[in-house]
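Colleague: Could we go through the structure together? I would like to begin with empty space inside the protein.

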Amino acid sequence: MAGKIFITGSAGFIGYHLSQRLLDAGWQVLGLDGMSDYYDVALKERRHAMLRQNKGFRAVEGLLEARGLVRGLVEEFRPDVIVHLAAQAGVRYSIEAPRSYVDANLIGTFEVLEAARAFPPQHLLLASTSSVFGANTEMPYAETHKADHQMSFYAATKKATEAMAHSYAHLYGLPTTMFRFFTVYGPWGRPDMALFKFVKAILAGEAIDVYNHGDMRRDFTYIDDLVIGIERLIAAVPGTEAAAAFDSLSPVAPWRVVNIGNGAPVQLMEFVAAIEAATGAEARKNLMPMQPGDVPATWADATLIEALTGPLPRTDIREGVRRFVDWYRDYYRV
């Protein structure tokens, strides 16, 4: 399957990798990115520059929440598929700057939904997060579990976008898939993520902050594995028939939510050990208490996505970390 696809957040970590994969598969890609300064804009500009080397890619820079911008682009381009990845991310930053999450995540998603209502794609796909599971301690996290007690404002805005998208799917018959991502990492990653921070500090001979005294687990998902999952889900358009008894398909709308995770949580100290092995340096660790809004563990039940797409690759954490360190050394010349 290939056609025309509109991707928001195309200069972001996941948006860049997804755009590149779909361009390689023959899609025409229209990308939108606000180029916010939440992290190094030069990194985003470099990603877009690489995508522009493909004739099938066109980039637009503008704020998602700007009234009518997304609608105008969708009206002009008429995409077969919309993938909405753009968002204000970060659990900790949502404590410092909550309004930016209202603007980008709530108003921005509303603009995407309005554009899709006016010019319906064959499939609308939107990014959520594993953070929506919040205080839920039942693991692995399944899509059908309750997710009513978010522990950060970031997670609350993403849960709200799931509800908003469901209402549009019901009211206007828009086939919609929500992704819940689990700790994505890899080359060209985000500087605010633990892997990036740890590698930067270790290579500079600086100490790293290890929260909850290292007693944390994350379902680390390598970027290539994730975008393969998204690519395959594009063709898994929700309808009226459940794919399995454990499907999250809505009883009143062509809408489902799907975990995309490795399905195998890794202890934080094991993660640090993988970084030490890849860098050839031992980390000096500042053991810290848990941060506000954070959760001690995440773990994806990947049964549904594999029922919809078939078996997915699962890159080993040591191999994935090694690839990131190789990229980091090359990009920053260290």
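Modeller: First, a term: a cavity is a set of grid points where a 1.4 Å probe fits but cannot get out. Please note that this is a predicted model.

Colleague: How many cavities of 30 Å³ or more does a search of the whole structure find?

Modeller: The search finds one cavity of that volume or more. The largest cavity holds about 70 Å³ of space.

Colleague: Which residues line the largest cavity?

Modeller: Its lining consists of T221, D225, I260, G261, A302, I305, E306, L312, P313 and R314. By class, five of the lining residues are nonpolar, two are polar and three are charged.

Colleague: I260 also belongs to β11, I believe. Are the residues of that strand buried or exposed?

Modeller: Strand β11 spans residues 255-260, and six of its six residues are buried. On one side these are W255, V257 and N259, and on the other R256, V258 and I260, so both faces are covered, with buried meaning under 20% relative accessible area.

Colleague: In what sense do β6 and β11 pair?

Modeller: The pairing of β11 with β6, residues 176-181, is parallel and runs over six bridges. Within it, T177 has R256 of β11 as its bridge partner.

Colleague: A change of topic: where does G134 lie?

Modeller: G134 is in the loop between β5 (123-129) and α6 (153-172).

Colleague: Why does G134 count as buried?

Modeller: Because its relative accessibility is 6%, and the cut-off for buried is under 20%.

Colleague: With which residues is G134 in contact, leaving aside its neighbours within four places in sequence?

Modeller: G134 is then in contact with Y141, H149, Q150, M151 and V295.

Terms used:
Residues numbered from 1 in each chain as written. Predicted model: local features only at pLDDT ≥ 70, side-chain atom pairs only at ≥ 80, totals over all residues. Heavy atoms only, no water. 1 Å grid on protein atoms, 1.4 Å probe; cavity = no way out; pocket = protein on both sides within 12 Å on 5 of 7 lines; lining within 4 Å. Points joined across faces, edges and corners; volume = space filled by probe spheres on them. Nonpolar A, V, L, I, M, F, W, Y, C, P; charged D, E, K, R; others polar. Buried < 20%, exposed > 50% of the residue type's maximum accessible area, 1.4 Å probe, protein only. Helix = DSSP H or I, 4+ residues; strand = E, 2+ residues; numbered from the N terminus. Pairing = 2+ DSSP bridges. Contact = heavy atoms within 4.5 Å.
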